[in-house]
Amino acid sequence: MEIDFAKGNGLVPVAAQDAITGDVLMLAYMDREAYDATVRTGFMHYHSRSKGRLWKKGEESGHVQEVVALELDCDGDSILAKVKQTGPACHTGKPCCFHNRLHGTGDIILPDLVKTMRERQENPNPHSHTSKLFASENLRLKKVVEEAGEVIMAAKDHDQERLAEEAADVVFHLLAVLLAEGVPPRRVLDVLAKRRMPPKVG
Ligand SMILES: [Zn+2]
């Protein structure tokens, strides 16, 4: 299938996605020249509509995007770029460009949970279980083992509902240990990604 540059007067929108976390980083445009430069170099290039020229992402900031995969959509007029992002994707210093909520209150569950846990870590509340975990190394380490044991019991009983609940408890308490030790949960995903990341294109 060919890229349909004609539909958008020579430009196609490109959504850049973090290949490790799945986070949507930014949206920009490519013309034929930007697409060719991206495939040739293995780094994301866009067509800057404001500057009216080819633009390598991170050319000034160093916050480049290494290409992992480029996917064309069903009717050929938009591209999803899966990338390895260096530094923040947004020029504001935020990790992604989409940080001005217009509507709705929901969030993706894991980042939202981590955010809430970090708030509890920074502003302890004596009634909060999470704060208690951050206050006691002994408690949070014990909980990981305890909950892992309950995962095993639920699995041995082939109790799917309980297994999901106990697994959630393990994830939650594991996150508490990671945050308490200053290891961003993202680093865990990085390790998993390194074990299975395909070689870069281009
Ligand atoms: Zn931005």
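**A walk through side chains and a zinc site**

Let me begin at the surface, where Val-24, Leu-27 and Phe-98 make a nonpolar patch of about 290 Å². Before going on, I should say that this is a predicted model, in which local features need pLDDT of at least 70 and side-chain atom pairs count only at pLDDT 80 or more, while totals for chains, interfaces and linings use all residues. Residues are numbered from 1 along each chain as its sequence is written, and side-chain values use heavy atoms, with hydrogens and water left out.

A patch here is made of residues with over 30% relative accessible area and no salt bridge, with nonpolar side chains (Val, Leu, Ile, Met, Phe, Trp, Tyr) joined within 5 Å and like charges within 9 Å. The salt bridge in that rule is a side-chain nitrogen of Lys or Arg within 4 Å of a carboxyl oxygen of Asp or Glu, and the areas come from the Shrake-Rupley method with a 1.4 Å probe, where for residues only the protein chains shown count as cover.

Of the patch members, Leu-27 is found in strand S2, residues 24-30; strands (E, at least two residues) and helices (H or I, at least four) are DSSP runs, numbered from the N terminus. Leu-27 counts as partly exposed because its relative accessibility is 44%, given that buried means under 20%, exposed over 50%, and partly exposed in between (1.4 Å probe, protein chains only).

Let me turn to the zinc ion, whose protein donors are the SG atoms of Cys-90 and Cys-97, lying 2.2 to 2.3 Å from it. Donors are N, O and S atoms within 2.8 Å of the metal (3.2 Å for Na, K and Ca), and since water is not among the atoms, sites may look incomplete. Cys-90 is buried at 6% relative accessibility, whereas Cys-97, at 30%, is partly exposed.

Next come the rings. What lies over the face of Phe-43? That is Lys-56, at 4.8 Å from the ring centre, where the rule asks for NZ of Lys or CZ of Arg within 6 Å of the centre and within 35 degrees of the ring normal.

Finally, two residues other than glycine have a positive phi. Asn-9, with phi near 55°, is found in the segment before strand S1 (12-18) and is exposed, with a relative accessible area of 74%. His-158, with phi near 50°, has its place in the loop between helix H4 (137-156) and helix H5 (160-180), and counts as exposed at 69%.
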